[in-house]
Amino acid sequence: MKHLKILIFVFMSSLLLINCNKEEKKADTVVDNTTIYIKGTIDAELTAPPFVPAPVGDRPAKKLIVNMEILEKEGTMTDGVKYMYWTFGGSVPGSFIRTRVGDEVEFTLSNHPDNKLPHNIDLHAVTGPGGGATSSFVAPGHKKTFSFKTLNPGLYVYHCATAPVGMHIANGMYGLILVEPEGGLPKVDKEYYIMQGDFYTKGENGEKGLQPFDMKKAVDEDADYVVFNGKVGALTGDNAITANVGETVRLFVGNGGPNLTSSFHVIGEIFDNVHVEGGSMINKDVQTTSIPAGGAAIVDFKVDVPGTFILVDHAIFRAFNKGALGMLKVTGEEKKRVYSGVKQEGIYHPEGGTIQTMPDNNKKKVAVTLKDKPLAQKIKDGKQVYMNTCFACHQAEGQGIPNAFPPLAKSDYLNADVKRAIGIVLNGKTGEITVNGKKYNSVMTKQTLTDEEVADVMTYIYNSWGNNKTNVTINKVKEVKSSH
Ligand code: HEC
Ligand SMILES: [Cu+2]
């Protein structure tokens with residue numbers, strides 16, 4: 001009996017020992033970043049979007065000094081529309097902060113004396129009450145300092161958290177702070193900073209003048225503008241981000257909200273890697289990534305072919321009607337194996353009809369048969385064509401979209417040359433053009449319309465929105481077609 005007891009005792013204690021060992025091993029794999037040793041002090045480099053500071057690489061953890069200034073300042077939402085932005089560092093989104101895990105960030109928040117309101121900052125990268133908000137509440141003409149240690153790698157949103165919080169965020173008070181993992185992120189060729197935000201103005205989208213914030217619309221989540229980097233066109237035309245064929249591109253994408261989740265997508269690209277929600281989990285081969293309000297994602301991809309790649313919130317009316325549209329311009333050699341472009345174009349006969357040929361010069365003489373309708377009917381039918389075909393890009397009132405689609409309303413380009421305009425609708429258009437003093441360099445695809453439809457839609461355009469009232473006849477369309 002006694003022996004048995006001893007045996008059981010020995011058996012149990014060895015079990016305990018095994019258990020202890022197991023637990024010790026587990027504890028080993030949980031890294032305690034609170035104990036990362038810091039070595040020296042450096043000043044943080046802060047950048048305005050779409051740029052980011054240099055990679056951290058393999059530098060050791062340090063004391064990192066961040067000086068952030070709050071500025072309330074008027075800016076442009078879109079052509080003719082002004083907005084009073086509240087900013088971290090003078091830009092929307094605010095200055096990009098780049099740190100590494102284990103850094104001890106000494107953060108000083110200064111509220112410019114010309115500002116009207118107190119503000120603070122809640123950084124999602126902070127482990128501590130309010131993410132720093134309680135320690136950083138600062139009145140105009142004052143500054144406050146607090147410090148925190150970055151414990152978790154990832155891409156984090158920061159924002160103002162002063163009441164009414166929604167209003168401070170809606171006015172542009174958000175930005176991103178990146179905490180790189182030990183050893184840094186893998187090297188890429190190009191890195192950019194993009195952040196989406198929704199804006200609520202007293203006037204409807206496009207209504208001119210200085211537009212005040214609209215609390216009711218914000219509460220109803222009825223956004224007038226949904227934009228990248230604080231304004232319509234911050235990333236289009238001359239402001240487009242760029243890369244060369246063969247390069248790898250990393251986008252640090254945030255969403256300040258205040259309300260809307262972003263369905264972030266790049267037309268014509270596939271994300272090779274996505275740091276889901278800005279964290280350490282990597283998803284591969286992603287078409288569209290969901291970025292919650294107050295969240296972020298790191299995406300990277302290799303650009304294989306040249307062209308303009310459009311960045312959108314794929315909740316697509318936001319892109320084409322509210323401003324959530326940017327451009328990545330890729331230059332370099334074509335790679336037909338990856339993307340051919342149009343290879344062949346032909347006439348499609350669903351019923352296997354007789355062989356047709358494209359119009360040629362012989363037809364010119366016999367083509368003068370179709371009679372034009374009365375002007376009022378043409379305009380009516382033309383409007384129908386316009387709303388079906390052209391409206392998506394040139395917009396309901398022909399006003400276009402700044403930096404992306406030129407206006408047809410009061411367009412000097414349109415009114416100067418009827419034949420040229422007809423040619424654009426028949427054949428499409430690429431390359432730089434100047435409309436009403438603004439440069440456009442984009443692509444209008446060839447429209448597949450009958451000659452009569454082209455005559456109708458052109459007549460509608462010329463007889464709308466202050467244009468020169470040209471009546472475009474079917475014969476004119478045929479003439480342009482055959483002269484091509
Ligand atoms: C997919 C978007 C898109 C659609 C659809 C579209 N356009 Fe365009 N359009 C453009 C772009 C982009 C340009 C400028 C091309 C460039 O930069 O070279 C343009 C240029 C023009 C111009 C000359 C510039 C100006 O503003 O006067 C005319 C005229 C025009 N389009 C008429 C039409 C008509 C008519 C339709 C419908 C039948 C139409 N477009 C459909 C995108 C579009
Ligand atoms: Cu604020």
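Let's start with how this chain folds back on itself: among contacts with a separation of 6 or more, 70% join residues 24 or more positions apart. Keep in mind that the model is predicted. The protein chain has 484 residues, and 39% of them are buried. Its secondary structure consists of eleven helices and 23 strands.

## A helix under cover

A good place to look is α10, which runs from 451 to 462. Does the helix's length make sense? What should twelve residues span at 1.5 Å a residue? The expected span is 16 Å, and the end C-alpha atoms of α10 are 16 Å apart, so the two agree.

Now, how much of α10 is covered? Eleven of its twelve residues are buried. Among them are D451, V454, M458 and Y462. And what do the buried residues pack against? Their partners are α7, α8, α9 and α11.

One of those partners, α7, deserves a closer look. Here's how to think about such a pair: two packed helices are described by the angle between their axes and the distance between the axes. For α7 and α10, the axes come within 7 Å and cross at roughly 95°. An angle from 65 to 115 degrees counts as roughly perpendicular, and therefore α7 and α10 are roughly perpendicular to each other. As for who touches whom, α7 brings residues including K378, D381, Y386 and C390, while α10 brings residues including E453, D456, V457 and Y460. The residues of this contact divide into eight nonpolar, two polar and five charged.

## Around the ligand

Some of these helices turn up again around ligand 1. Which residues are closest to ligand 1? They are C390, C393, P406, L414 and M444, out of 29 residues that surround the ligand. The elements giving two or more residues to this shell are the helices α7, α8, α9 and α10, plus the strands β22 and β23. The shell is made up of 19 nonpolar residues, nine polar ones and one charged one. C390 is worth finding twice: this residue is among the closest to ligand 1, and also takes part in the contact of α7 with α10.

## Loops worth a visit

The loop between β3 and β4 holds G90, and P93 sits there as well. G90 has 15 other C-beta atoms within 10 Å, so the residue is partly exposed. Along the chain G90 and L71 are 19 residues apart, yet their C-alpha atoms are 5.6 Å apart in space. Apart from neighbours within four places in sequence, G90 is in contact with L71 and K73.

Another loop, between β7 and β8, contains N152. Because N152 has 14 C-beta neighbours inside 10 Å, the residue counts as partly exposed. Its C-alpha atom is separated by 7.2 Å from that of V179, 27 residues away along the chain.

Here are some backbone angles to check in the loops:

| Where | Feature | Angle |
|---|---|---|
| V92 and P93 | cis peptide bond | omega about -5° |
| A163 and P164 | cis peptide bond | omega about -10° |
| E277 | positive phi, not a glycine | phi near 55° |
| W465 | positive phi, not a glycine | phi about 50° |

P164 belongs to the loop between β8 and α3. You'll find E277 between β16 and β17, where 17 C-beta neighbours inside 10 Å make E277 partly exposed. W465 takes us back to α10, since its loop lies between α10 and α11. With 15 other C-beta atoms within 10 Å, W465 is partly exposed.

Definitions and conventions
Residues numbered from 1 in each chain as written. Chains lettered and ligands numbered in written order. Predicted model: local features only at pLDDT ≥ 70, side-chain atom pairs only at ≥ 80, totals over all residues. Near = placed C-beta within 6 Å. Helix = DSSP H or I, 4+ residues; strand = E, 2+ residues; numbered from the N terminus. Nonpolar A, V, L, I, M, F, W, Y, C, P; charged D, E, K, R; others polar. Expected span 1.5 Å × (residues − 1). Buried ≥ 20, exposed ≤ 12 C-beta atoms within 10 Å, placed from the backbone. Contact = placed C-beta atoms within 7 Å. Axes fitted to C-alpha atoms, helices over the stretch in contact; angles between N-to-C directions. Parallel < 35°, antiparallel > 145°, perpendicular 65-115°, else oblique.
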